[in-house]
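Me: Could you walk me through the empty spaces and the bound molecule in this one? I would like to go through it piece by piece.

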Amino acid sequence: MEYSGPSELYVDGEWTDAVSGETLQTFDPATETEYATVALAGEEDVRRAVDAASRAAERGSEWTELDPAERGAALRRMADAIEERKDEISLVESHDNGKTPFEAGMEVQMVIDTFRYFAGWTDKLTGEHNPVPGDRLNYTTREPLGVTGHIVPWNYPFQLAGRSLAPALACGNTAVVKPSSQTPLSALYYGLAAEEAGLPDGVVNVIPGSGSEAGAALAEHDDVAHVAFTGSTEIGKRVMADAAQNVTGVTLELGGKGPHLVFPEADLGAAAKGIHYGIFMNAGQMCWAGSRLLVHEDVADELVERVVEGAESTPLGSGIDDDGRMGPVVSEDQREQILDYIQTGVDEGATVACGGGVPEDKESGYFVEPTVLTDVTNDMTVAREEIFGPVLSVIEFSDEEEAIELANDSPYGLLSGIWTEQLSRAHRVADALDYGMVSVNEYPVTFPQTPFGGTKESGSGREQGLEAVREYTQTKNVNVKLD
Ligand code: NAD
């Protein structure tokens, strides 16, 4: 499919070239060929976009004057506009990122659901009455923050932009979205959706650009009230420091090294399936990947055998004109990094139970075989660092306490999985895990209604659910002396 979607910046309700005239070429990771050329935003474009978003957020503007229920209707119209283009966006995402159209379709559907969910919040942003002493009326209101910046990674480019954009808009803010320069295309469809939904100019702005220039300029901008950053822990720390210069609030959704804890009584068939999707979906390029399999020694051999069987029978391909179920990784660099990690694992004592390299039958595309490493210990590099590829590290344990210790012994704390048929064990272990999210007998799973985020180096703040409503509003306290 030739790219025929939007290829300019979307600023102040208009499609425009970058001030510098610079453009960016994208490549299809499945074919290694050029796919699209889009305008590349620089610092000047960030300023233009933030100015437009600031005007749209001013007191008395069309957007701030909209009735809350009408704002909800606008979000629903955005959801409808996205739904109408679901197949097109999925295919574009597939060509841009490498994931299969099936996987991209799940991403787009999650966005549609997210916009519809947050559309329901617009007229429920209530405050409280505070019972203070004396003859006074004291209450709180929830107000929008103003201009919100959204800095998005390449692994779920459409969904992660929508995940923070929808609540930000629902709460009455305006937005500047900066997708990754590796996958700039799908986010531009938010410009189209905003246009089709009739949002006032400047409420949504989309500016593909490099992280070091456009991303940094957005994080540092004085008029940005909040930055929603999703990406690596390293860059998240930098964004937090940049935003701190203006005391700008941040939501940080960063890396992960998710553990599965599989106990001897677990349903191994269900566990093998969850473990498979948790590490091979999106070619393992997921913050919430279940990349560490902690398994009780009594069932380790049987479970590993099942997981290896699933890995070896996964057809690799783009999924566009073949039956591929796992696509390529996003770039050659990414593939090299993953292969280096596998080599490091082997050098440190791990055994390759399956995969471990590049598939022989692929002439092009950045494919990596689904890989399972056994004989891993929790101090090895492959158990500590986020590989961001289809590589599972297997570590055995002998009792519950050891499993909990191994799981918590990580710099990260995003999603963890428990596999057990014992109710009391499920709750006891969930309570002991130092993770932002715990899922029992299912992996990976999230909903627009449920908070998403992590502890430790996996980030701070939460997206989705009621938590996101708190994240994108501020509380005002009003005190009235009554006589
Ligand atoms: P990255 O940190 O390299 O880039 C993320 C975004 O930040 C991109 O838009 C990039 O252009 C921008 N950026 C880069 N340098 C910047 C700077 N100095 N200032 C401002 N912005 C800058 O991450 P990536 O490689 O695109 O994505 C992979 C990472 O994202 C992984 O670590 C993964 O775990 C994480 N991630 C986290 C979540 C989550 O919800 N916790 C979800 C998906 C991905």
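Reply: What follows goes through the ligand, the pocket, the cavities and two details of the backbone, and please keep in mind that this is a predicted model.

Me: Let's start with the ligand, then. Where does the ligand sit?

Reply: The ligand sits in the largest pocket, which holds about 1,100 Å³ of space. Of the 38 residues that line this pocket, Pro-153, Trp-154, Gly-231, Ser-232 and Ile-235 are the closest to its centre.

Me: Which element gives the most to that pocket lining?

Reply: That is α9, with six residues, and α8, β9 and α12 (332-347) are also among the elements that each supply at least two residues of the lining. By residue type, the lining of the largest pocket divides into 15 nonpolar, 16 polar and seven charged.

Me: OK, and how many residues surround the ligand itself?

Reply: There are 28 residues around the ligand, and the closest are Val-152, Trp-154, Ser-232, Leu-254 and Glu-386. This shell divides into 15 nonpolar, eight polar and five charged residues, and α6 (157-170), α8 (211-220), β9 (224-230) and α9 (233-244) each supply at least two residues of it.

Me: Which side chain has an N or O atom 2.9 Å from a ligand oxygen?

Reply: That side chain belongs to Trp-154. A polar side-chain atom of Lys-178 also lies 3.0 Å from an oxygen atom of the ligand, whereas at Ala-216 a polar backbone atom is 3.4 Å from a nitrogen atom of the ligand.

Me: And how much of the ligand's area does the protein bury?

Reply: The protein buries 90% of the 850 Å² that the ligand exposes when taken alone.

Me: Switching topic: how many cavities of 30 Å³ or more does the structure hold?

Reply: The structure holds three of them. The largest cavity has a volume of about 60 Å³, and the second largest contains about 40 Å³ of space.

Me: What lines the largest cavity?

Reply: Its lining includes Gly-256, Lys-257, Ile-279, Met-286, Glu-386, Ile-387, Phe-388 and Val-391, and the lining residues divide into six nonpolar, four polar and two charged. Glu-386 therefore turns up twice in our chat, as a lining residue of the largest cavity and as one of the closest residues to the ligand, with "lining" here meaning an atom within 4 Å of a cavity point.

Me: And what about the second largest cavity, which residues line that?

Reply: Among them are Ala-81, Ile-82, Arg-85, Phe-158, Tyr-189, Tyr-190 and Glu-196. The elements that give two or more residues to this lining are α3 (68-84) and α7 (185-197), and α7 gives the most, with five residues. The lining of the second largest cavity divides into eight nonpolar, no polar and two charged residues.

Me: You mentioned Phe-388 earlier. What is its phi?

Reply: Phi of Phe-388 is near 60°, which is a positive value in a residue other than glycine, and Phe-388 is found in the loop between α13 (381-384) and β15 (391-397).

Me: Why would a positive value be worth flagging?

Reply: Because most residues other than glycine have a negative phi, and in a similar way most peptide bonds are trans.

Me: Which peptide bond is cis, then?

Reply: The bond from Tyr-443 to Pro-444 is cis, with omega near -15°, and Pro-444 lies in the loop between β18 (437-440) and β19 (455-456).

Technical notes. Residues are numbered from 1 along each chain as its sequence is written. This is a predicted model: local features need pLDDT of at least 70, side-chain atom pairs count only at pLDDT 80 or more; totals for chains, interfaces and linings use all residues. Side-chain values use heavy atoms; hydrogens and water are left out. On a 1 Å grid over the protein atoms alone, a cavity is a set of points where a 1.4 Å probe fits but cannot get out, and a pocket is an open set with protein on both sides within 12 Å along at least five of seven lines; lining residues have an atom within 4 Å of a point. Grid points are joined across faces, edges and corners, and a volume is the space filled by probe spheres set on the points. Ala, Val, Leu, Ile, Met, Phe, Trp, Tyr, Cys and Pro count as nonpolar, Asp, Glu, Lys and Arg as charged, and the others, Gly among them, as polar. Helices (H or I, at least four residues) and strands (E, at least two) are DSSP runs, numbered from the N terminus. A residue is near a molecule or strand if one of its heavy atoms lies within 4 Å of it. A polar contact is a pair of N or O atoms within 3.5 Å; within protein, one must be able to donate a hydrogen and the other to accept it, and residues adjacent in sequence count only if both atoms are side-chain atoms. Accessible areas come from the Shrake-Rupley method with a 1.4 Å probe; for residues, only the protein chains shown count as cover. A molecule sits in a cavity or pocket if more than half of its atoms lie within 2 Å of its grid points.
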